[in-house]
Amino acid sequence: AVHAAGSHIFAQLMHTGRASAAANLPEGARCVGPSSRPLSQPVWTDSAGQQPAATPHAMTETDIETAIAGYASAARNAIAAGFDGVEIHGANGYLVDQFLNTASNDRTDRWGGDVAGRARFALAVTKAVADAIGADRTAIRLSPYGVFNDMTADADMDALYVHLATELQVLGIAY
């Protein structure tokens, strides 16, 4: 119907990361995040209302690669379902934002620490999605200085988003 009316439609792809509760996870799944720092606030569940946030397991290298591949797979599925593109949810304290923010990322490996390390996951996800469906069908939502889900600003926030925007521009994504 959207196409018949002459318009376009993008699907938003997100991973909640640490913004999760056990009641929202499938049987056998575990809550993951860049670090094992839980949210300080409860999380809504359909089955039991507000529940304490789960303590996330710090993602391993394999977990990170699996998540990146999952975004690419979801993007291919969205295109196969008829969407014109996808928007990666990189805001509001969800997984991509969690890697960007020192409130949730205290890693000392290549996925944390300095500006380039903290931006690496967002860039890897975006590149994987662009490689899977085309850069012109790939977008990312960002919200610098957002505070939802316990996000906070730090001294490197401006430098982080300048670095991220510069690298995203190189990928040639839609927005």
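Visitor: Which elements do the buried residues of α1 pack against?
Guide: A word on the model before we look: it is predicted, local features need pLDDT of at least 70, side-chain atom pairs count only at pLDDT 80 or more, and totals for chains, interfaces and linings use all residues. Residues are numbered from 1 along each chain as its sequence is written, and side-chain values use heavy atoms, with hydrogens and water left out. The buried residues of α1 (buried is under 20% relative accessible area, exposed over 50%, partly exposed in between, with a 1.4 Å probe and protein chains only) are D63, I64, A67, I68, Y71, A72, A75 and A78. They pack against β1, β5 (57–58), β6, α2 and α3.

Visitor: How far apart are the end C-alpha atoms of α1?
Guide: Helices (H or I, at least four residues) and strands (E, at least two) are DSSP runs, numbered from the N terminus. The expected span is 1.5 Å times one less than the number of residues, so the 20 residues of α1 should cover 28 Å. The model agrees, as the end C-alpha atoms of α1 are separated by 29 Å.

Visitor: And which residue with a positive phi follows α1?
Guide: Happy to point it out: the phi in question is near 110°. The residue that follows α1 with this value is G82.

Visitor: Which element gives the most residues to the largest nonpolar core?
Guide: A nonpolar core is a set of buried Ala, Val, Leu, Ile, Met, Phe, Trp, Tyr and Cys residues joined through side-chain atoms within 4.5 Å. The largest one has 34 residues, and Y71, F121, V129 and L164 touch the most other members. Two or more residues come from each of β1 (10–13), α1 (61–80), β6 (85–90), α2 (95–100), α3 (115–133) and α4 (157–171). With 9 residues, the top contributor is α3.

Visitor: How many residues are in the second, separate core?
Guide: Among its members are A21, L39, V43 and Y94. The count for this second core is 6.

Visitor: Which residues does F121 contact, leaving aside neighbours within four places in sequence?
Guide: Contact means heavy atoms within 4.5 Å. Beyond those neighbours, the partners of F121 are I64, A67, I68, Y71, L95, V96, F99 and W111.

Visitor: Is L123 buried or exposed?
Guide: L123 sits in helix α3. Setting aside neighbours within four places in sequence, L123 contacts H163, L164, E167, L168 and L171. Because its relative accessible area is 15%, L123 counts as buried.

Visitor: What distance separates the C-alpha atoms of L123 and Q41?
Guide: These two residues are 82 residues apart along the chain. The separation of their C-alpha atoms is 28 Å.
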